[in-house]
Amino acid sequence: MAPRDILTSTHWGTYRVERSDGRVTALHPFEKDPDPSPIGPGIVDVLDGPTRITAPMVRESWLRDGPGARGDLRGSDRFVEVSWETANRLVADEITRVRRDHGNAAIYAGSYGWASAGRFHHAQGQLKRFLNLAGGFTSSVNTYSYAAAEVIVPHVLGSFRGHLERTTSWRSVAENADLLVAFGGVPLKNGQISQGGLGAHVQRSGVAAAHAAGVRFVNISPLRSDVMAAVGAEWIAPRPSTDAAMMLGLAHVLLNEDLHDQAFLDRYCVGFDRFAAYLRGETDGTPKTAAWAADICGLHEDALRDLARRMAASRTMISVSWSLTRQDHGEQPFWAAIALASMLGQIGLPGTGIGFGYSAMNYVGQTRRHVDYAALPQGRNPVGSFIPVARITDMLENPGAAFDYNGRRYTYPDIRLVWWAGGNPFHHHQDLNRMRRAWARPETIIANEWCWNSHARHADIVLPCTTTLERSDIALTSKDPFQVVMDAAIAPVGAARSDHDIFRGLAAELGFEAQFTENRSPEDWQKWLYDISRQSAARAGVSLPEWDRFQADGYAEVPAPERETVLLEAFRADPEAHPLATPSGRIEIFSQTVDGFGYDDCPGHPAWMEPLEWLGRTKDYPLHMISNQPRMKLHSQLDHGSVSRADRVAMRAPVIVHPDDAAARGLRDGDVVRVFNGRGACLAGVRVSDEIRPGVIQLETGAWYDPLGDTCVHGNPNVLTPDKGTSKLAQGPIAHSCLVEIARHEGPLPPVTVHGAPPLVPQAE
Ligand SMILES: Nc1nc2c(c(=O)[nH]1)N[C@H]1C(S)=C(S)[C@@H](COP(=O)(O)OP(=O)(O)OC[C@H]3O[C@@H](n4cnc5c(=O)[nH]c(N)nc54)[C@H](O)[C@@H]3O)O[C@H]1N2
Ligand SMILES: Nc1nc2c(c(=O)[nH]1)N[C@H]1C(S)=C(S)[C@@H](COP(=O)(O)OP(=O)(O)OC[C@H]3O[C@@H](n4cnc5c(=O)[nH]c(N)nc54)[C@H](O)[C@@H]3O)O[C@H]1N2
Ligand SMILES: [Mo]
């Protein structure tokens, strides 16, 4: 048999790797993928070159003066190259010092982030296993993606992730729905991605099949492009961050015109009466009529009335994009959508009800078998201290302060050492200028990174890691039918080591190497993970090939079950036999538990509360900025690569501006503008388009933070976004609630320098 091609798996697809003279020269789409993503090949030109970190690096002041030296210079100091021996000693001494003087809770290693595909070389898994053996660390809970949903939906439906993974399939929608009402659209740009790897992209065909079967799409979003043009969706563009009000207005029409399904509400829900009283205005004097909602949303009331009637007269699927949770009071749109879908009474029936974000990722709406694949055992973290993930700056600024979270009060720990492996806080966090000031406080910051992005530049000790193309692994994921072998295509670049090897070396320095590795090589571990996964698959009725066969074939495809996935089907069929994991066993339209927390920003039923920043109150900054997920990359990853760089305006991130807003400011296509508010500013390149609601601009995330004072010259929207929790309940990020102004940039254009290397101390010095 001829040797097979070299394969790799990424969060954006599977590729065949072409090599020449020990270098990767091209990535070719996997032949099983009908709709491959263009993102993958963007890695080829940056595997080596000026942005690659090829040796351990230590910030100059820190190396000279020790922990705590000149934290304010993080991001501008020079770096000194050191050997692995020196790096390991410095890190081991620092762990020992912090543990001895401050305890393990002083180490923050929530280390949020997407890292890379690969079951074994998962950066966070390796970091956490290592730190647990070293006595533990302060961790984080929930995600940036949908923290508000992760906390509220379990109170309402008993679980969030469990339901998300079982969102009703596209085929079921195509066969059974008439109308798909998509809050936040069905953005195909996002369906390129699936965490942990994917074989075949199915979102485009899912949308197309539903359209072909006669399903009509309603795109409720500030952006027309959030539903693909070919389906001819009706476009309703409310003001951003007003979805909860719109849903309440729709609910009021159903109630007022007796279009709601009382039998469903009686049998499957609790607390509708409390919600109905709020809708009628009995509790606050304000009926949530279509006119009331239309006024908040900046829409015509007839549009809402008409939509509500059509939803009641049709077999309707409501989709809520995850972006709705990343706003102030982000709990409310998901809760309100569940209440609205309950009033329509179609939850649990084929093709209708509610879906959590079609095309937010490739797996949403895909019928597949759920296998519990094994992960690297992380051991036990003896430290109980944690934060809701987006409270990082609050924690660094306020050691010892109290915070609320999901019904309880906790205290921020006093962090001395921060460690990130596989995430980029200078990408994901809000109000970066504020975060950068807080970032100056810890005594030491360690980063495992492969490229000189903003995260690596703001660390004290940089441990250079390999990319997936420089190590072998296996991509096993329950979110996709394809399980893929990841080959080591080339040798590690420079002195880079896999995260596993980095932690093995550190464990040796600290005297627990054998506990860390359990005397297994990376290949032994992978085979071990695979064998356990194979047994677990067998229990789920899935037959995976033996290890040698898997390696020889390069991938295995898990066949889809015959039956299409229908969310909450069993509950619908028999709510007594299959109750939800809520206190009542039913859908909690009113939650006694949440009500009992007594939060002023998250009452016991879905409600409208004015967001922190929105177009209903534009005193200083008149435009609403949407900072959504980027089209040509995943977050900040490969921002420096050819694919992302091709999608720029004057080397800056593109900002989409409506023609009216452009004209009012004398702006034209290709202009560089300053986008600013009271928190900071960034430069961006104008693209004028009428596919956006007037008064809204879109600046996608992902441009590497390149600060010049309080201005990011490259276009990272997170210098502008507010850093506040969604509510005391979930404390999620609110990146999508943000007002700004724009103006043409005057004077010479500052160069973008972040795609090179930071200043290094010459080796001889
Ligand atoms: N304004 C705004 N901000 C947002 C959002 C938004 O909508 N608007 N979205 C939020 C959301 S949903 C998310 S999920 C976050 C995403 O935020 P992150 O997940 O933090 O972003 P990534 O760029 O994926 O960061 C992954 C990092 O891991 C590194 N890496 C890759 N492979 C490896 C490896 O093998 N080992 C190590 N050690 N490192 C590796 C990459 O170089 C990169 O720096 O952003 C959030 N931020
Ligand atoms: N290409 C690509 N795909 C990705 C990612 C990526 O970085 N790149 N990231 C992945 C990750 S980690 C996640 S969590 C998911 C996130 O998936 P989503 O949360 O769905 O992603 P977004 O692009 O932030 O938002 C989707 C759309 O919601 C609209 N929107 C924003 N604010 C509002 C609002 O107030 N009301 C309404 N009705 N609509 C609004 C925006 O126009 C936006 O295009 O995407 C995943 N997919
Ligand atoms: Mo996310």
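For the residue classes used here, Ala, Val, Leu, Ile, Met, Phe, Trp, Tyr, Cys and Pro count as nonpolar, Asp, Glu, Lys and Arg as charged, and everything else, Gly among them, as polar. Keep that in mind as we walk through this predicted model.

Let's start with ligand 2. By that scheme, its shell splits into 14 nonpolar, 13 polar and 6 charged residues. Out of the 33 residues around the ligand, the ones that come nearest are K189, D226, D243, S323 and R326. The shell isn't drawn from one domain: domain 2 (147-369 + 565-590) and domain 3 (623-744) each supply at least three residues.

Now zoom in on some polar contacts. The side chain of K189 puts an N or O atom 2.6 Å from an oxygen atom of ligand 2. S221 also uses its side chain, with a polar atom 3.3 Å from a ligand oxygen. G184 works through its backbone instead: a polar atom there sits 3.3 Å from a nitrogen atom of ligand 2. As for burial, ligand 2 on its own has 910 Å² of accessible area, and the protein covers 99% of that.

Next, the empty space. Searching the whole structure turns up 4 cavities of 30 Å³ or more. The second largest of them holds about 200 Å³ of space. It is lined by 17 residues, with T10, W12, I43, S116 and T468 closest to its centre. Strand β1 (residues 6-10) gives the largest share of this lining, at 3 residues. Apply the classes again and the lining of the second largest cavity comes out as 8 nonpolar and 9 polar residues, with no charged ones, whereas the shell around ligand 2 has 6 charged residues.

How values were computed: Residues numbered from 1 in each chain as written. Chains lettered and ligands numbered in written order. Predicted model: local features only at pLDDT ≥ 70, side-chain atom pairs only at ≥ 80, totals over all residues. Heavy atoms only, no water. Near = heavy atom within 4 Å. Polar contact = N/O pair within 3.5 Å; in protein donor to acceptor, adjacent residues only side chain to side chain. Areas by Shrake-Rupley, 256 points an atom, 1.4 Å probe, with all protein chains shown as cover. Domains from an automatic or database assignment. 1 Å grid on protein atoms, 1.4 Å probe; cavity = no way out; pocket = protein on both sides within 12 Å on 5 of 7 lines; lining within 4 Å. Points joined across faces, edges and corners; volume = space filled by probe spheres on them. Helix = DSSP H or I, 4+ residues; strand = E, 2+ residues; numbered from the N terminus.
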